[in-house]
Amino acid sequence: MAFEIFGTLRRIIQEVNTAPDLKQALNIIVQRVKRTMGVDAASVYFRDFQQDELILMATDGLNQSAVGRVRFKLGEGLVGLVLNRAEPVNIADGPLHPNYRFMTETGEQVFHGFLGVPIIQHRVVLGVLVVRQKEVRRFAENEETFMVTLAAQLAGAISHAEAMGGVNELLKEVAGSSFTLKGISGSTGLAIGQAVVVYAHANLDAVPDQTIKNDEIDQQVQLFQDAVDDVARDIKDLSLRMKASLPPAELALFDAYGLMLKSDTLIDGVLNRIRNGNWAQAALRDTIADHILIFDNMEDPYLRERASDIRDLGRRILERLQLKNNHVQKTNGPTVLVGDEVAVSHLAEIPPEHLVAVISAKGSGASHVAILSHALGIPAVMGVGDLPVSRIKGQTMVVDGYRGQIYVKPTEAMLDEFRRLVREEQELNADLNELVDKTSQTTDGVRMPLLVNTGLLADISPSLRCGAEGVGLYRTEVPFLIRDGFPGEDEQANIYRQVLEGFSPRPVTLRTLDIGGDKMLPYFPQREENPFLGWRGIRIMLDHPEIFLTQIRAVLKASERFSNIQLMLPMISDVSEVDEALSLIRRAHDELREDGIFSQLPPVGVMIEVPSAVYQMDALVKRVDFFSVGTNDLTQYLLAVDRNNTQVASLYDSLHPAVLRALQHIVSVAHAHGKPVSVCGEMAGNPAAAIILLGLGVDSLSMSAGSLLSIKWVIRSFSQQVAKDLTETALTMEKASSIKALLYKALEDAGLGGLIRAGK
Ligand code: PEP
Ligand code: MG
């Protein structure tokens, strides 16, 4: 080869570095390589990780129209062979090679000589750099070296661009129509369907002011009240229409709408504004805006989501005021509901037999829409920031609720692949349903009770339907969050009684109020620099014994008839908190006894979710009856990673070796004193982590109802001995990624891969 390798390389790299974007950088590379090596064509292929294909990104010598259109499956063609081998492939006469694939789009029938080198970064093949010669030509060793060195430089540029989102952008651009969007997983599952876009029913922001005369006030008041009545009826109808497809108790969410409609602040707010001389529509606009502002400014994501419910309600009333009719959209076949801010009521606009997935630009995993999608068993992707709603209308799309990913206008090859995965998913779910009545027991006969985490009364029936053995965590804050003030003793007792009765004789572990952090009560506001390190959980309760005592009395009253209750204290970081809480519990018990109410003192346990509690296990075991590990908070506090911050989300990992060691310590101290340990953080519902929890000897697992059958499958597929061996290996590992790889492999080997990815 008649050029000096390193000087030439340096010049090319310098030129590439000045290119304004990745696309132009790639063009410079192929042009310079073609000229330098005296070949007839030079091309770069990138790996599209989402579709597991190689896609032609830039070429000098092949047809330009092939860029973005020519794709190779991994292993397909000579280019695919380079990727599979992850090393250079140098072939004098390509068409003679068994792997050769004829491609008319590239005009490559005229090429014989082939040299392809992989572009590798951190052991991952990101793409392939290829040169072709019309004549038969075997490339020299120094030519191969040149290409390998250039490819290594290119790898750095690609992974940098990838980190900046450039590669995806480029893939989108060259691929023409099909593109991928990313959001947050709201509900898992896979679906393929046609997008139907739902818009705001009526635009409150567009309503103008209109002064009314005194004699028009009554008429406007009447108009508004009629509209409210109509909407109340609409909501009732919607709830009836959803009845067939939603678990009955889930329909309670519609009741929340009904309550909001009747709330004095909403009604009086509008009526006062009308009486002050504005017409009903503007009075409604301003009242709704006031409400939204309050909720939007709340720290608590759950309550922020309520702003969208209020906005939706406002639109519905406006729609009625504007005499527009609510309608069911026309669909013909599987439908993906897409919207800027999809609300609960939008779900009912799609015939339930057609609704296969939900995509919303706004919202989060805590949105009611996500909760309902989960209950309906369809995937939901929320918070898709740059959702081009108008471009998406009517498009076919694939929704991957596991990864929070959407593929718009997928290629035929992608559709085939996803259709296969959807079929497998359906088979998997059918298989899982067969486990409802089976015991949660390992292959060597060890029982692992599976319980549910709940907080909505609405959860009782789905929980029982999936075979839950009780409630491992009842988050009592939910009834506090959806009311205008602290619920009273009898009101609480009623709620708890229903839960205890619903699950009886199965145990219900009721956690005392755990507000603060990201769960702020609207009527009990507090502003803190670091709310997760601040006034949270038991700390608030001990500072407000009147609230704590009311709750405990309510619990004890509820347990008068039902003895299946256990009490659990959250956020314990110091033993004195346990001592004080226990003495308040005893006080409430004594007071009730004086009032003639006799109930048993329930077993009391603490949540281990703060590192200091892990290291005080010796002292805690002497004081309480059981432990439940809150791995959501424990992970956040051990790793110093905010559980709600997307910026550091990649650092948040419950399989971190430090978390496993903490768990090991908790279990060993508790068991040494004969006290049981449960895990009720999200980790318990994670199929890979469940193996570790089984191996560590955790006594029970508590999770959301939707995960229960998957975890039962895991428990029934492993022996505790195997889980122990895997745990022992995991505990020698230094990184969460290695532990995850070990567990994922174990799941795949046991035939349970379908639990951790799309497909069976
Ligand atoms: C936890 O912290 O793991 C837990 C179960 O409690 P919450 O998620 O309600 O904080
Ligand atoms: Mg917690």
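Accessible areas here come from the Shrake-Rupley method with a 1.4 Å probe, and for residues only the protein chains shown count as cover. By that method the protein exposes about 32,000 Å², of which carbon and sulfur atoms supply 49%. This is a predicted model, in which local features need pLDDT of at least 70 and side-chain atom pairs count only at pLDDT 80 or more, while totals for chains, interfaces and linings use all residues. Residues are numbered from 1 along each chain as its sequence is written, and side-chain values use heavy atoms, with hydrogens and water left out.

**View 1. The magnesium ion (ligand 2) and its protein donors.** Glu609 (OE) and Asp633 (OD) coordinate the ion at 2.0 to 2.1 Å; donors are N, O and S atoms within 2.8 Å of the metal (3.2 Å for Na, K and Ca), and sites may look incomplete because water is not among the atoms. Glutamate 609 and aspartate 633 are 24 residues apart, the former in the loop between strand E19 (604-608) and helix H21 (611-614), the latter in helix H23 (residues 631-639). Helices (H or I, at least four residues) and strands (E, at least two) are DSSP runs, numbered from the N terminus.

**View 2. Polar contacts of ligand 1, pairs of N or O atoms within 3.5 Å.** An oxygen atom of ligand 1 lies 2.9 Å from a side-chain N or O atom of arginine 511, and one is 3.0 Å from such an atom of aspartate 633. Of the 280 Å² of accessible area that ligand 1 has on its own, the protein covers 98%.

Methods:
Chains are lettered from A and ligands numbered from 1 in the order in which they are written. A polar contact is a pair of N or O atoms within 3.5 Å; within protein, one must be able to donate a hydrogen and the other to accept it, and residues adjacent in sequence count only if both atoms are side-chain atoms.
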